[in-house]
Amino acid sequence: MNSYSGALLREGVRIGFVPTMGALHEGHLSLMRLARARDAIVVASIFVNPTQFGPHEDLARYPRTPEQDAALLQEEGVDFLFMPSAEEMYPAGFATLATRIEVTPLGGVFEGAIRPGHFAGVATVVAKLLNVVRPTHAYFGQKDAQQLAVIRRMVRDLDMPVEVVAGPTVREDDGLALSSRNRYLTPEQRRAATVLYRALSSAHRRYAAGERDGEALRRIMCATVEAEPLAALDYADLVDTATFEPLAEAGPQALLVIAARIGATRLIDNMPL
Ligand code: AMP
């Protein structure tokens, strides 16, 4: 992959890169299209990165559909699919605890507080993938807003020669954000899962009606989730998009964030204000 990219770069070809963990859906494909529209060559990667999963998380049962994914990428006109093995990415001697990138305090709050080590795993593997693929643009979904913030910070702080581009969250008709983890949900849980979008939308409506108080917006989201018996709230907050610091008032950089468990499945979502 690295030598293909090197040859393309020497010819001045712009490379767009979309890293994923596979089990591709319209959310991923929307990023491929974004890349396709801007860059001459589009590279997608599929790598279920073990270092970003906690010991009790769903690494073993994370959905893997490589043949279907490859067919979808071909339909989208993606030029390269980079699908390394864990041994290739982490060869013997790679010391995960010694060589890693941490973005603090951003990577330690919200998702980072609930999933210790998650964002170090994400930042490190994304840095490795960027070094391998050497893209002009790297595309990430707004769906994972904190991941996007961590990567923007890393790229800026470490002077990585890539432009990060964000794509909007793709949703089902009833508002549920597309996620590879949605397939864990039973039909009853699937209906309850819309609670994240309902909570965000309620707060957003109140914001549109003039409410700026962070506490009031938080309360609306909490109340919506409390009314859903199948959902357990992890957090609902109003934060700064770049730093994830909680905001007392909704200003220009404000983002509503929410995470809840539906049975054993954790779902996250967010909405910019
Ligand atoms: P994942 O395979 O979950 O690691 O996601 C790969 C990329 O797709 C990340 O940049 C995600 O933010 C993005 N993504 C996942 N779900 C969606 C969605 N519903 N809408 C837009 N982008 C998404």
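Asp159 is exposed in this predicted model. Its relative accessible area is 64%, and it counts as exposed because that value is over 50%. Asp159 sits in the loop between α7 and β5 (163-167). Its phi is positive, at about 55°, although Asp159 is not a glycine.

Ala23 also has a positive phi without being a glycine, with a value near 50°. This residue lies in the loop between β1 (15-20) and α2 (26-38). Its relative accessibility is 1%. Ala23 is therefore buried, since the limit for that class is under 20%.

Another backbone feature occurs at Pro105. The peptide bond that leads from Thr104 to Pro105 is cis. Its omega is near -5°. Pro105 belongs to the loop between α4 (86-89) and α5 (111-114).

Gln142 is found in the loop that links β4 (137-141) to α7 (145-157). With a relative accessible area of 15%, Gln142 is buried, because this value is under 20%. Residues up to four places away in sequence were set aside when its contacts were listed. Gln142 then touches Leu148, Gly167, Pro168, Thr169 and Leu255. Asn270 and Pro272 are also on its contact list.

The ligand has 17 residues around it. Met21, Gly141, Asp144, Val170 and Leu178 come nearest. By class, the shell holds eight nonpolar residues, seven polar residues and two charged residues.

Polar atoms of the protein approach the ligand at several places. In Asp144, a side-chain N or O atom is 2.7 Å from an oxygen atom of the ligand. In His28, a polar side-chain atom lies 2.9 Å from a ligand oxygen atom. Val170 uses its backbone: an N or O atom there lies 2.9 Å from a nitrogen atom of the ligand. On its own, the ligand has 490 Å² of accessible area, and the protein covers 92% of it.

Which elements give two or more residues to the shell around the ligand? They are β1, α2 and β4. Of the elements, α2 gives the most, with three residues. Two of the loops described above border these elements. The loop with Ala23 runs between β1 and α2, and the loop with Gln142 follows β4 and leads to α7.

Note on methods: Residues are numbered from 1 along each chain as its sequence is written. This is a predicted model: local features need pLDDT of at least 70, side-chain atom pairs count only at pLDDT 80 or more; totals for chains, interfaces and linings use all residues. Side-chain values use heavy atoms; hydrogens and water are left out. Helices (H or I, at least four residues) and strands (E, at least two) are DSSP runs, numbered from the N terminus. Buried means under 20% relative accessible area, exposed over 50%, partly exposed in between (1.4 Å probe, protein chains only). Contact means heavy atoms within 4.5 Å. A residue is near a molecule or strand if one of its heavy atoms lies within 4 Å of it. A polar contact is a pair of N or O atoms within 3.5 Å; within protein, one must be able to donate a hydrogen and the other to accept it, and residues adjacent in sequence count only if both atoms are side-chain atoms. Accessible areas come from the Shrake-Rupley method with a 1.4 Å probe; for residues, only the protein chains shown count as cover. Ala, Val, Leu, Ile, Met, Phe, Trp, Tyr, Cys and Pro count as nonpolar, Asp, Glu, Lys and Arg as charged, and the others, Gly among them, as polar.
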